Amino acid sequence: MPSQRPPAASGRPPRRGVGGVRVGVDTGGTFTDFVIWKSGRLRTKKILSTPDDPSRTILAGLAEFLGPGRPSLFVIHGTTVATNALLERKGGRIGLITTAGFEDVLFIGRQNRRDLYRLQPEGRFFLVDRCRVFGARERTVPPGRVEVRLTRAEARRIAREVRASGAEAAAVCFLHSYLDPANEAVMAEELRRAGLPASVSSRLLPEHREYERMTATAVNAYLMPVMGRYLAELDRRLGGAELRIMQSNEGYISAARARFI
């Protein structure tokens, strides 16, 4: 995955595809659905998916629809690749960076148990290995005062350790960062310099309750390597087509931006 920051969304309409062919394609584990607007006609098609590589079905479907040649193409893509990777526990190796002393928040959770008095605890799956959790010397306290600033030297040290651990992406979640994200911004910058994609809680879910915020941030980091590889390869194989990714709010963003969220 590239290490530079994602381009800002411009809000402008796509440059290509408006006067050519517009495609909506949704890939699932069983079927892939197409809606294609071409030459004033709307066509639909459903074909079997290839779960090992969903882009194969997309390219095969486009070839069948479009035939020879390469028209101006605008593709809006919805997919369950991320959902399936999470359910099947096939995400990437991630590192978790949090405030020193709170490294176990993700493992303790909210103490919710189906059998509260059971002597043997129920088995649980964690997205991050305990050996890849790193504590940073920093602290922000309510109502948003930075009590201990994260130094560049500390952030660089942690970034090196995360990279050396074999992590493919990092989740950054500091206490009360939703009130002041300054320390998380420093950590994210050093991770970027180390070539690691980062999921940053103050950008992703700037809300109180550290366990929920940390969980969302870790899930996002867990899926970044999977989606990064998938979207980069799909974008490459589509050639000059303009690729956009559907969001749950019914809008869409560029593939480059989707790889960093």
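**Exercise 1. The lining of the largest pocket**

Determine which element gives the most to the lining of the largest pocket in this predicted model.

*Solution.* Begin with the elements that supply at least two lining residues each: strand S4 (73-79), helix H2 (81-87), helix H7 (210-237) and strand S11 (242-246). Among these, H7 gives the most, with seven residues. The lining as a whole comprises 23 residues, and the pocket that they surround has a volume of about 580 Å³.

**Exercise 2. Chemical character of the lining**

State how the residues of the lining of the largest pocket divide into nonpolar, polar and charged, and name those that lie nearest the pocket centre.

*Solution.* Sorting the lining by residue class gives twelve nonpolar, ten polar and one charged. Next, consider position: Ala-82, Asn-220, Met-246, Ala-258 and Ile-261 are the lining residues nearest the centre.

**Exercise 3. A salt bridge between distant parts of the sequence**

Identify the salt-bridge partner of Glu-212 and explain which parts the pair ties together.

*Solution.* The partner is Arg-110, with the closest N and O atoms 2.9 Å apart. Now locate both residues: Glu-212 belongs to helix H7, whereas Arg-110 sits in the loop between helix H3 (105-108) and strand S6 (133-136), so the salt bridge connects parts that are 102 residues apart in sequence. Finally, assess accessibility. Glu-212 is partly exposed at 33% relative accessibility, and Arg-110 is partly exposed at 36%.

**Exercise 4. A salt bridge within one helix**

Explain why Glu-161 and Arg-157 are separated by about one helical turn, and classify each residue as buried, partly exposed or exposed.

*Solution.* The side chains of these two residues form a salt bridge with an N to O distance of 2.8 Å. Both residues lie in helix H4 (residues 152-164); because they are four residues apart there, about one helical turn separates them. Glu-161, at 34% relative accessibility, is partly exposed. Arg-157, at 26%, is likewise partly exposed.

**Exercise 5. Burial and a network**

Decide whether Glu-242 and Arg-244 are buried or exposed, and then name the residues that salt bridges with shared partners join into one network.

*Solution.* Glu-242 and Arg-244 meet through their side chains in a salt bridge of 2.6 Å, N to O. The cut-off for burial is under 20% relative accessible area. Glu-242 has 4% relative accessibility and therefore counts as buried; Arg-244 has 17% and therefore also counts as buried. As for the network, salt bridges that share partners link Arg-152, Arg-156, Glu-189, Glu-190, Arg-192 and Arg-193. The structure holds 20 salt bridges.

Definitions and conventions: Residues numbered from 1 in each chain as written. Predicted model: local features only at pLDDT ≥ 70, side-chain atom pairs only at ≥ 80, totals over all residues. Heavy atoms only, no water. 1 Å grid on protein atoms, 1.4 Å probe; cavity = no way out; pocket = protein on both sides within 12 Å on 5 of 7 lines; lining within 4 Å. Points joined across faces, edges and corners; volume = space filled by probe spheres on them. Nonpolar A, V, L, I, M, F, W, Y, C, P; charged D, E, K, R; others polar. Salt bridge = Lys/Arg side-chain N within 4 Å of Asp/Glu carboxyl O. Buried < 20%, exposed > 50% of the residue type's maximum accessible area, 1.4 Å probe, protein only.
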